[in-house]
Amino acid sequence: MKKTQTVMIWLLPLIIIGGLFEPVLGYLVVAMMAFFLILSFFRGRYWCWNLCPRGAFLDAVISKVSRNKLSPKKFSESWFRWLVFFLFMAFLIFRIIKTGGSAIAIGAVFVSMCIITTVISVILGVITKHRSWCLICPMGMLQDKIGSFKKTPQANPKP
Ligand code: SF4
């Protein structure tokens with residue numbers, strides 16, 4: 001595991017466990033999103049392979065218990081990635097609207113979205129490859145698209 005990952009990995013339990021008690025920790029997710037979206041313009045998916053707390057967890061823990069089977073072919077197909085992206089964004093926006101603008105409730109939405117996607121990433125990681133989720137992760141997809149505007153080379157190969 002990279003040094004940067006050993007530092008960042010701790011943010012995952014902080015958000016998904018700490019966030020259950022302090023929903024305001026969900027804003028850490030928002031801050032990270034803002035950071036990696038800007039970073040992706042210059043460095044593509046550098047965040048994914050070096051800094052993402054969930055990516056670090058998948059590398060450090062799930063890789064040890066993964067069956068290491070091929071990821072489903074669909075995960076590499078553009079239409080499927082876009083489908084996951086739009087479903088995820090629609091669900092996120094719907095849930096934020098439902099909060100009625102309460103700052104605490106919005107924080108809780110981001111905590112719960114982080115929990116849901118982490119659970120999915122762990123299940124996929126165990127039954128297929130440890131980084132399978134990263135093929136369809138909406139945030140990885142966004143970084144891919146933003147990074148491609150500048151046509152910078154990938155910082156590291158895809159899983
Ligand atoms: S694809 Fe998503 S979960 Fe995977 S490293 Fe990137 S941001 Fe994190």
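Is the crossing of helix 4 and helix 10 right-handed or left-handed? In this predicted model, helix 4 and helix 10 cross in a right-handed sense. Helix 4 covers residues 26-43. The two axes lie 7 Å apart. The packing angle is about 30 degrees. Angles under 35 degrees count as roughly parallel, and helix 4 and helix 10 are therefore roughly parallel to each other.

The contact draws on both helices. Helix 4 contributes M33, F36, L37, S40 and F41. Helix 10 answers with M139, L142, Q143, I146, G147, F149 and K150. By class, this contact of helix 4 with helix 10 holds eight nonpolar residues, three polar residues and one charged residue.

Helix 10 also takes part in the ligand site. Its residues run from 138 to 150. Helix 6 (53-65), helix 9 (133-136) and helix 10 each supply at least two residues of the shell around the ligand. That shell consists of C48, C52, R54, G55, W133, C134, C137, M139 and G140. Six of the shell residues are nonpolar, two are polar and one is charged. M139 is listed both around the ligand and in the contact of helix 10 with helix 4.

A further packing pair involves helix 6. Its partner is helix 8, residues 103-127. The axes of helix 6 and helix 8 come within 10 Å. They cross at roughly 35 degrees. This crossing is right-handed. On the helix 6 side, the contact is made by R54, L58, I62 and V65. On the helix 8 side, T118, S121, V122, G125 and V126 take part. The contact of helix 6 with helix 8 comprises five nonpolar, three polar and one charged residues. R54 belongs to this contact and is also among the residues around the ligand.

Helix 7 was examined for its length. It spans residues 78-98 and has 21 residues. From its first C-alpha to its last, helix 7 reaches 30 Å. This is close to the 30 Å expected at 1.5 Å a residue. Just after helix 7 comes G100, with a positive phi of about 70 degrees.

Notes
Residues are numbered from 1 along each chain as its sequence is written. This is a predicted model: local features need pLDDT of at least 70, side-chain atom pairs count only at pLDDT 80 or more; totals for chains, interfaces and linings use all residues. A residue is near a molecule or strand if its C-beta atom, placed from the backbone, lies within 6 Å of it. Helices (H or I, at least four residues) and strands (E, at least two) are DSSP runs, numbered from the N terminus. Ala, Val, Leu, Ile, Met, Phe, Trp, Tyr, Cys and Pro count as nonpolar, Asp, Glu, Lys and Arg as charged, and the others, Gly among them, as polar. Axes are lines fitted to C-alpha atoms, for helices over the stretch in contact, and angles run from 0 to 180 degrees between N-to-C directions. Angles under 35 degrees count as roughly parallel, over 145 as roughly antiparallel, 65 to 115 as roughly perpendicular and the rest as oblique. A crossing is left-handed if the near helix is turned anticlockwise from the far one by less than a right angle, and right-handed if clockwise. Two residues are in contact if their C-beta atoms, placed from the backbone, lie within 7 Å. The expected span of a helix is 1.5 Å times one less than its number of residues.
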